[in-house]
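Here is a set of questions and answers on how the terms used for a protein model are earned. Each answer sets a value beside its definition and then draws the conclusion.

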Amino acid sequence: MSEKANRSGPDGGPVESESGEPDVDTGERHPMEWNEPAGNNVAPEDRSFITEPVEKYDARKIVTGEAKYTSDYRREFPDLLETAVLRSDVAHAHVTEIDTSGAEEMDGVHAVLTPDSEIVPDTVYTSAGQGYPEPTPWDLRVLRKKVRMVGDPIVAVAAEDKRTAERAVRKISVEYDELEPVLDFREAMDPEAPQIHEAAAIENKQPGADYEINRQSSFDGEIGDVESAFDSSNSVLETEWETPYQSHCVPEPHTTIAKRDEDDRYHLISSTQVPYHTRRQLSHLFDIPIRDIRIEKPRIGAGFGSKQAMVIEPITLALTMATDRPVIYETTRKEQFHAMRSRHPMQITMKTAVDDSGNLEAMEMDVLSNTGAYGPHGMTVAGNVGTKPLPIYPRVENVRFAGDIVHTNLPIAAAQRGYGAPQGHFAVESHMDEVARDQDLDPIEFRKQNHVQEGDLDEIAAILAGDEAHKRKIRSCGMEECIDRGREAIGYDDLEQPEEEHLHRGIGLALVAQGSGVAGAELGAAHIKMNEDGSFILQVGGVDTGTGTDTMVSQIASEVLGCDPEDIVVYSSDTDISPFDYGAYASSTTYISGQSVKKAAEDAKESLLGWGAKMLDAEPETLTVQDGNVHDTESGESVSLEDIGYEAHYGEDDRAQVMGEASHSTDTSPPPFGAQYVDVTVNENTGEYEINQLVFAADLGVAINPPLAEGQIEGGQSMSLELATGAGYEFTDEGQPKTLSYKQYGMPRSTDHPPMETILVETHEPSGPFGAKSVAELPTNGVPPALSNAIKDATGVRLTTLPITAEKVKAALESRD
Amino acid sequence: MDLELTINGRQQTLDAEPADSLLDVLRDNGYTGAKRGCDTGDCGYCTVIVDDDPVQSCVTPAKKADGATVETIESLGEQEDLHPVQAAFVDNSALQCGFCIPGMIMNTTAALRENPDPTEAEAREAIEPVLCRCTGHKKPVEAVLDAADRIDSAEELAHDGGHAAAELDDKDGESQ
């Protein structure tokens with residue numbers, strides 16, 4: 001990237017001041033004054049490829065079955081060994097004896113690794129795929145002698161085939177010294193509760209950690225003076241909310257292939273959202289230099305956060321090191337449900353004060369989060385419970401947000417699409433509905449009076465960071481239009497009641513917000529090079545988890561370079577080949593990785609126009625690039641990208657490849673906004689309810705590919721619908737999981753789905769690539785509160801715990817009557 | 001044990017273990033379009049058409065399929081010459097991660113042979129066996145309905161000596 005581009009602040013973020021010190025915004029200078037780079041705001045009629053429904057980059061290989069996911073690489077490794085893992089069948093115990101002799105005697109068994117095997121590191125680490133050092137304690141070991149949940153890995157076997165590996169596991173016997181488990185997270189901090197972790201065994205502890213009371217971390221942040229505001233207010237309301245475990249139900253179970261290559265380096269093909277973090281974490285764990293590890297991400301069968309985690313790579317690598325053979329570990333659906341990762345169950349208290357005119361004066365939120373047996377993402381997920389939904393009301397002057405993250409002997413909770421925001425929105429947006437009704441205000445009008453607007457300074461996003469850098473000016477906000485257009489689409493103002501007396505219909509609204517990347521903790525990089533024929537190869541670290549980001553980056557690059565998206569070959573992600581990227585999480589890929597692609601393409605364009613100027617005998621300033629040609633606006637002459645490509649590679653006197661590269665990082669994370677509406681009919685006799693329609697109106701800034709953005713919204717709502725109506729795991733009194741299959745879990749099928757309507761409200765985010773913000777997580781936030789509000793609207797009863805079942809509705813109706 | 005199967009029109013004798021599922025045999029022999037998502041017959045990603053019926057190959061014992069005719073996703077179109085069902089999924093943006101898509105397409109293909117003109121509710125039922133986590137099933141349902149229209153048009157084309165070709169070409173033009 002050129003020096004000039006750097007100084008003009010093309011990220012819309014802080015620019016360098018004269019002194020060379022970073023000129024971080026402190027609220028004194030209006031960040032809207034940051035210069036938006038020329039050409040970032042393209043009028044709809046001037047767009048070539050952005051906002052067009054460009055065909056998904058990998059669509060054709062997917063529909064022909066040729067797309068290759070990790071397990072499809074099996075046939076490329078004829079000497080591949082298969083893995084099976086013996087996992088703890090008790091919730092809390094010390095392992096006292098492991099007898100592996102029966103397994104080791106078996107034909108076809110090549111390695112049986114226990115926690116005491118020399119090749120298995122005894123180092124502690126975290127599975128959380130986050131920046132360095134991770135805001136997560138290092139509390140995991142590859143194989144475990146102290147087990148803290150049913151599903152903890154104890155022994156790993158590599159064998160000629162999967163059945164032999166599984167048979168070998170059945171021949172291993174383990175003896176336990178069982179301990180009392182902690183199964184109710186509300187009692188985890190009770191001084192009498194059994195202690196799950198020894199503090200001395202954990203590294204990289206997080207603020208507020210107190211392992212004697214099973215607390216992984218805690219936080220408390222305040223703006224203004226909440227107590228005084230409550231004391232002086234005439235109208236204070238406090239409510240309590242509860243949310244359950246949710247499975248990612250990720251279609252492709254976690255799968256990893258590891259091998260040592262001919263250069264004596266370790267090469268992993270893995271279903272991961274975070275190839276670079278995984279490389280660094282494996283290096284730390286196994287004490288192998290980073291340069292000797294290569295992580296390749298093929299197509300992956302989605303992530304939803306489940307693969308923002310180094311879950312099975314360590315076991316696979318250890319087995320490869322033990323056998324010096326390529327090894328695959330393909331997890332089972334049963335392992336997915338109890339031994340991988342889930343959404344955190346939470347208990348949340350909301351308290352607000354409102355003045356006589358319906359203005360919010362104070363908000364207080366307290367969260368208790370169950371991180372399960374280990375703590376990956378524990379603190380940061382709980383932080384998002386407040387810092388994502390509370391900024392919907394950024395003008396509230398007194399805000400307090402506190403949380404405790406506690407351990408239990410239940411499955412590990414970690415990153416899941418929404419990352420705490422779905423739990424937070426359930427509390428905030430159901431609570432706001434209660435406040436409105438308490439004030440005799442229409443819930444929509446109450447929201448309109450208080451919700452975020454363009455130009456607001458949001459300090460709440462920084463409430464835990466406690467610094468100036470994390471405050472943000474809201475530079476794009478279409479919330480008002482989202483509310484209005486959603487209201488129209490759902491028919492809020494002309495709702496017809498069913499004729500039957502026992503049926504009651506109602507509509508609920510929830511406002512939603514998310515971020516675009518992690519403020520101040522992201523880096524995306526991209527490299528683009530032109531071939532002789534005027535086509536390009538774009539290498540980008542940003543990870544396509546199936547969402548379509550490879551398509552999105554091809555549209556951004558082609559918009560800059562004036563070529564067809566089909567002329568851009570996208571390569572992501574391989575740590576040997578693609579530039580660095582933090583990975584696909586926190587709704588960062590369009591905003592962060594996409595911006596790095598835009599900057600890299602602009603860098604290449606500068607070189608392209610240089611060649612154009614030379615060949616057209618023109619000044620670069622008079623040139624434009626469009627439709628595969630560089631045009632001289634002065635002379636009217638053109639030269640094709642192909643002609644430039646051949647000249648650049650094979651010219652007589654001067655030769656240089658047209659290339660561009662750039663990194664992108666920023667302290668800002670602009671929120672996308674949305675309005676979720678639910679239309680429900682409740683049967684007063686049975687408590688059964690039917691959702692008639694879901695409407696979601698979204699402000700994503702500029703949607704680079706509208707149909708793919710709609711797909712994100714529809715799929716996100718589907719996960720949100722499940723959290724509202726059906727999620728949750730069941731356990732026995734001993735902590736044995738009872739939810740181990742799709743059937744037992746009950747993920748929604750096509751026939752369970754209400755009709756959905758999606759509305760894209762375009763705004764322009766000056767700091768985003770061509771005005772884009774994020775989309776992926778926003779729609780996971782709204783259905784639980786909107787459904788609770790719709791049932792309240794229909795029947796007058798309030799449902800405060802998820803999932804909302806007919807039994808719970810019936811019980812609430814009975815206690816009302 | 002030896003297994004006689006006609007896979008995508010080709011008669012083959014394949015080696016199988018007694019405990020193998022049909023999915024194991026297919027994937028071991030390079031038919032990797034069918035995906036393994038659960039091994040319990042719940043997710044539908046492994047769906048193939050056996051003797052005209054869509055079956056979940058992960059819970060179909062290989063020996064039970066001996067002598068059967070099997071159609072997998074590999075039997076449909078190619079990237080530059082897609083089958084109408086495949087084209088409908090592409091053009092309706094009805095796919096994201098793609099792991100469930102071979103199952104979606106095989107269920108749709110079998111359903112449309114039985115019922116070429118499904119209602120919206122019947123289209124939902126056609127893909128009911130497949131647990132798609134990415135799309136919320138909305139665009140896939142639209143793709144099933146669109147696929148039915150495309151097959152209809154293709155049949156008209158076959159019966160009218162190609163006069164409807166121009167119309168079909170227009171439809172293809174929408175794919176960008």
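Q: What makes S7-S17-S16-S15-S8 of chain A an open sheet with edge strands?
A: In this predicted model, 5 strands of chain A form an open sheet in the order S7-S17-S16-S15-S8, with mixed pairing. Strands here are DSSP runs of E with at least two residues, and helices are runs of H or I with at least four, both numbered from the N terminus. The edge strands are S7 (215-223) and S8 (236-243), for each of them pairs on one side only. From one strand to the next the twist averages 10°, where axes are lines fitted to C-alpha atoms (for helices over the stretch in contact) and angles run from 0 to 180 degrees between N-to-C directions.

Q: How do you know that S7(A) and strand S17 of chain A are paired?
A: Two strands pair if DSSP finds at least two bridges between them, and S7(A) is joined to S17 (residues 398-407) by 8 bridges, with the strands running antiparallel. Within this pair, A:Gly221 stands opposite A:Phe401 in S17(A). Helix H9 (residues 378-387) of chain A packs on the sheet, touching S7, S15 (346-354), S16 (360-372) and S17, and its direction makes about 155° with that of S16(A).

Q: Why are the partners of S16(A) on its two pairings described with the words antiparallel and parallel?
A: S15(A) and S16(A) pair in the antiparallel sense over 9 bridges, and there A:Ala353 has A:Ala362 as its bridge partner in S16(A). S16(A) and S17(A), by contrast, pair in the parallel sense over 10 bridges, and there A:Met365 has A:Phe401 as its bridge partner in S17(A). The hairpin of S15(A) and S16(A) has 5 residues between the strands, and in it A:Gly358 takes a positive phi near 85°.

Q: What makes S16(A) mostly covered?
A: A residue is buried if 20 or more other C-beta atoms, placed from the backbone, lie within 10 Å of its own, exposed if 12 or fewer do, and partly exposed in between. In S16(A), 12 of its 13 residues are buried, and the strand is accordingly described as mostly covered.

Q: Why is B:Lys63 called partly exposed?
A: B:Lys63 has 16 C-beta neighbours inside 10 Å, so it counts as partly exposed. The residue lies in the loop between strand S4 (53-56) and strand S5 (69-71) of chain B. Beyond its neighbours within four places in sequence, B:Lys63 is in contact with B:Met1 and B:Pro18, contact meaning that the C-beta atoms of two residues, placed from the backbone, lie within 7 Å. The C-alpha atoms of B:Lys63 and B:Glu4, which are 59 residues apart along the chain, are separated by 9.4 Å.

Q: Why does one side of S20 and of S30 in chain A lack a neighbour in the sheet?
A: Another open sheet, of 4 strands, has the order S20-S28-S29-S30 in chain A, with mixed pairing. S20 (503-513) and S30 (756-760) stand at its edges, each with a single partner strand, so one side of each is left without a neighbour in the sheet. The twist in this sheet averages 15° from one strand to the next. S28 (residues 673-683) and S29 (residues 689-699) of chain A run antiparallel and are joined by 10 bridges, and A:Asp679 stands opposite A:Gln693 in S29(A).

Q: How do you know that chain A touches chain B, and which helix of chain A gives the most?
A: There are 47 residues of chain A in contact with 46 residues of chain B. H2 (59-63), H16 (706-725) and H17 (742-745) of chain A each supply at least two residues of the side that touches chain B, and H16(A) gives the most, with 7 residues.

Q: How do you know how confident the predictor is in chain A?
A: The pLDDT is the predictor's confidence in each residue, from 0 to 100; its mean for chain A is 95, and 96% of the residues reach 70 or more. Over residues 1-29 of chain A, however, pLDDT stays under 50.

Q: What makes the numbering and the cut-offs clear?
A: Residues are numbered from 1 along each chain as its sequence is written, while chains are lettered from A and ligands numbered from 1 in the order in which they are written. Because the model is predicted, local features need pLDDT of at least 70 and side-chain atom pairs count only at pLDDT 80 or more, whereas totals for chains, interfaces and linings use all residues.
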